[in-house]
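Trainee: Could you take me through one part of this protein slowly, step by step? I would like a close look at the disulfides.

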Amino acid sequence: MHSRLARGRVRMLLAAVLAGTLTLTLGVTLAPAGSGVGPSPAPATSDPHPRAASLDGAGTWQVTRTGGDTYQVSWRAARRLPVTSDRATIVAGGLPIGVPRLAADGRTVVTTVTTAERPDPADLDVVLSGDRLDHPGIDQTGDGAVPVDPRRSTPLADDPAEPGELEVVSSDYELDPVKLPGMREPIEMVGHVVEPAGEATESRPLVLFLHGRHSYCFNPTGQDGDDWGWPCQSPMKEIPSHLGYDYIQQVLASQGFTTVSIRVNGINAQDYRLSDGGADARAKIVQEHLHYWATSGEYEADLSRVVLVGHSRGGEGVNRASIQVPLEAPYRIVGQVLLAPTDFGTQTAPYVPTATVLPYCDGDVFDLQGQRFTDSARDLAANDSSLKSSVMVLGANHNFFNTEWTPGMAEAPAWDDWYGKRGVCGSQSPTRLSAEEQRTVGVAYVAGAAQLFAADAQEFLPLFDGSVVHPPSIGAADVRSHAIGGGRELRRPVIDTGLSLPTGADASFCQGVLRPGSIASCGREDDLYGQVPHWYDAGEFAPARHELELTWTGAGQSGGLVFDEPLDLSSGRLELRSIVDPAFGDVRIRLRLTDSSGATAEVTPEGDGIIRALPVDAQVGKRWAQAVLADPSTAAGIDLTRVVRVDVVGDSADGRLWILDVASAPSSLVPVPDERLPLVSLQKVNVIEGDDPGTSVARVPFTVTGEVTRPAQLTVGILDEMSRRGRSAVRVDLAPGQTEGYLRYEYRGNTIDDYDRRTTGFYAFAVKGAMTDTYDGQVRLLDDDPAPRVTVSTPKRVKEGASVTVEIKLSRATGYDTYVGAQVVRGPGSGTRLTVGDIPRKWLKRHYASVDDPDRPLHKAGLYLFDRLRSGDRSVVLTIPVRSDGVREGRERITLKLDGIGRFTRTVRVTD
């Protein structure tokens, strides 16, 4: 029988085979590797610790060559992955390989990698929120903790968490849902408002809250249910994540702010479809709500002073909104607070003051990637004076900033995202914050930032600029900060500094990359994945910054930086953003300043020059930059207006520091220019492959929104599934006045039936003078060659002792691996069927069929055959051996169900 493969069906049913978990019930399938189609997900668990209960190491790897030295690597979990803000990543040797994506089944993680040798699953792990999903148990249970000595901190005179005198009132609104690209269901428009009661006597700045990615449905009866469906179906209810910040809203409203917290469960349920994790969708919903506030007149709010607060993926969402909102909008974003945010796009919002709160014990966004909102802003625009502050909260986790994600307070099941009781971050650690203590910190720092950004309350600047102070309301909680911008004059390693001649110490510049074994990388040691928020992983395309690495082995040794231009310290505080290597522990230092005449003086940083290493155990030990502060006025005998060199002098027996930058910092914020950087957006294009074997060119357009007034630069990384190059990066320069452009991609056509769609991804990262909006572009090369004709042959009859065969032939070879299979079924009509005892026992066991009952009909033993035609092959034979038992049984038969090339059955008769 002949059949021409249907182009859609030929590429179906393969993801399960790729993952090695296809149950033997589908019959013949013929499909290329990498189709991304899989069976429906297993029911989700209602256990309050979903990661531990639903996965527990169960899953299957599959590695498939997609051409040249390029492989598709996938891991498929036994159940659907939990809904968290982090995204599962495939790693080798502790470092990510490729850009991960989640298949539509919600449990298959896929990436593409180019390597000379086939990746070995034994060398791979799939990591989500710091836990290896492909290993049983939860990794975040480390012990052997190295405690950190408490830091002496001065209480701030004013406490931003102190409730105001205004009465407050709460209300809710619901508008028509909004349809967004890439999602089937429209997104709800729901807001929870808390505002001062009564008529306003003065303007009320607006604070808008956006929650993160969390489970969106739950069963209020406590029974198991399909909490992955959307919209939630009875008896399932929506999780009211947007109500989880009411405790902050109440305080802000009493102080004179109007607040609204919006719900985006519809995005959480569908953002797995989106390559940016839903950041743009969240930004669009934020703007829809702000448009409502600007046009409805229902509430009193000063929309010229809007502060956005985003938690988790909500942090990345509000940041994208801050990037997109133009200056001419009927509202103005004057600041943002990002709580435990993601930053998959390595984006930041130039000219928008930003405070990023990083929980040291974040068990979800384990790598604290939100640090990039600060670091990425440093070199983008020379005149960007907006404050970019990072706030590290020791002992805080990811979930407890939201009461609807907190056990004992949430309406739905909730959990502590840091698992385990032991270690620095375990629930029994004396430095771990309780949920109430963490909320207290949240109130203080959100309210402090809102008042600083919207009301110019400079008295709260010390909470964010590295000063060793704390609001009285947070008690003994250890919260630290550092900042750039805000009027600082910076000196940066390599960019505008050189190395000073070291005395005894080992001083060098290193690249802020995690690449074990590389002498040029700051992160050249093993086992640092997730611990280095300032350093990019080696496989990332984002442009890394350089740092000064200084190591000393005896007191008095020194090394430092020589500035290209003198630094004026006459009216500002000296700051060094410095990472302490916890492998060396706490250090004590002095700073030696040299002016342009060669005169020197030494100053001791605050805290007697002691810099504490952050706490360490088997699972946590962040290399995060603390602010080293010194008063230059104590340096007598030098010209503080022309400091040209700063050296670090080690006072401890040994130590290691990485210096990110040196700054002269003012005591108050300076005005921020009314500017926005131009935005670059990449597009996705489809290209018909054609038959030309020569080189053809595909163009990936990009657009520029806003005016390019000075030369700008981006880096674009290319992940190429279509050639041996695999991955590469190009520099893109923008000229003043440029409004569009394109990225060039070369490919070759052929006359071979190939993958329906071969994809090359383009990922843009800002370097200077511009910011990305839609940072992920794509070329989809569409195959235009017909599928081959298929011939399926079986013998009419065979004798015992021979074999039943199914031969599948292609009229011509394909450009992809093809999987074929056949299932034994009962078949129509009467007559004797082959039994388990008619087939060799060892052969059945090798094919995972049941062998417990020799008299069981073979079609009830779960027997399924499959094999693969590799790219270039044209035929394959499936074989079932039949035993010769010497017993006269007359005619028996076996029926094979064929699928994937049309539905029909074939029966083979077996004779004695």
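**A close look at the disulfides**

Mentor: Let us begin with one cysteine and build outwards. C361 has a relative accessible area of 0%, so C361 is buried. Keep in mind as we go that this is a predicted model.

The partner of C361 is C425, and the sulfur atoms of this disulfide lie 2.1 Å apart. Where do the two cysteines sit in the chain? C361 is found in the loop between β20 (354-359) and α7 (372-375), while C425 belongs to the loop between β21 (388-393) and α8 (435-455), so the bond ties together parts that are 64 residues apart in sequence. Is C425 buried or exposed? C425 has 0% relative accessibility, and because buried means under 20%, C425 counts as buried. Now look along the S-S bond: the torsion for C361 and C425 is about -75 degrees, so this disulfide is left-handed.

With that one in hand, let us turn to the others. How many disulfides does the structure hold? There are 3.

Another of them pairs C217 with C232, with 1.9 Å between the sulfur atoms. This pair links distant parts of the chain, 15 residues apart: C217 is in strand β15 (residues 217-218), and C232 is in the loop between β15 and β16 (237-238). Both C217 and C232 are buried. The handedness again follows from the torsion: about the S-S bond of C217 and C232 it is about -90 degrees, so the disulfide is left-handed.

That leaves C510 and C522, which form a disulfide with their sulfur atoms 2.1 Å apart. Here the link joins two strands, with C510 in β26 (residues 506-514) and C522 in β27 (residues 521-523), 12 residues apart. C510 and C522 are both buried. Which hand does the link of C510 and C522 have? The angle about its S-S bond is 95 degrees, and the link is right-handed.

Now try putting the pairs in order along the chain. If you number the bonded cysteines in sequence order, the pairing reads 1-2, 3-4, 5-6. As you trace this on the structure, you can start with C217 and C232, go on to C361 and C425, and finish with C510 and C522.

Terms used:
Residues are numbered from 1 along each chain as its sequence is written. This is a predicted model: local features need pLDDT of at least 70, side-chain atom pairs count only at pLDDT 80 or more; totals for chains, interfaces and linings use all residues. Side-chain values use heavy atoms; hydrogens and water are left out. A disulfide is a pair of cysteine sulfur atoms within 2.5 Å. Helices (H or I, at least four residues) and strands (E, at least two) are DSSP runs, numbered from the N terminus. Buried means under 20% relative accessible area, exposed over 50%, partly exposed in between (1.4 Å probe, protein chains only).
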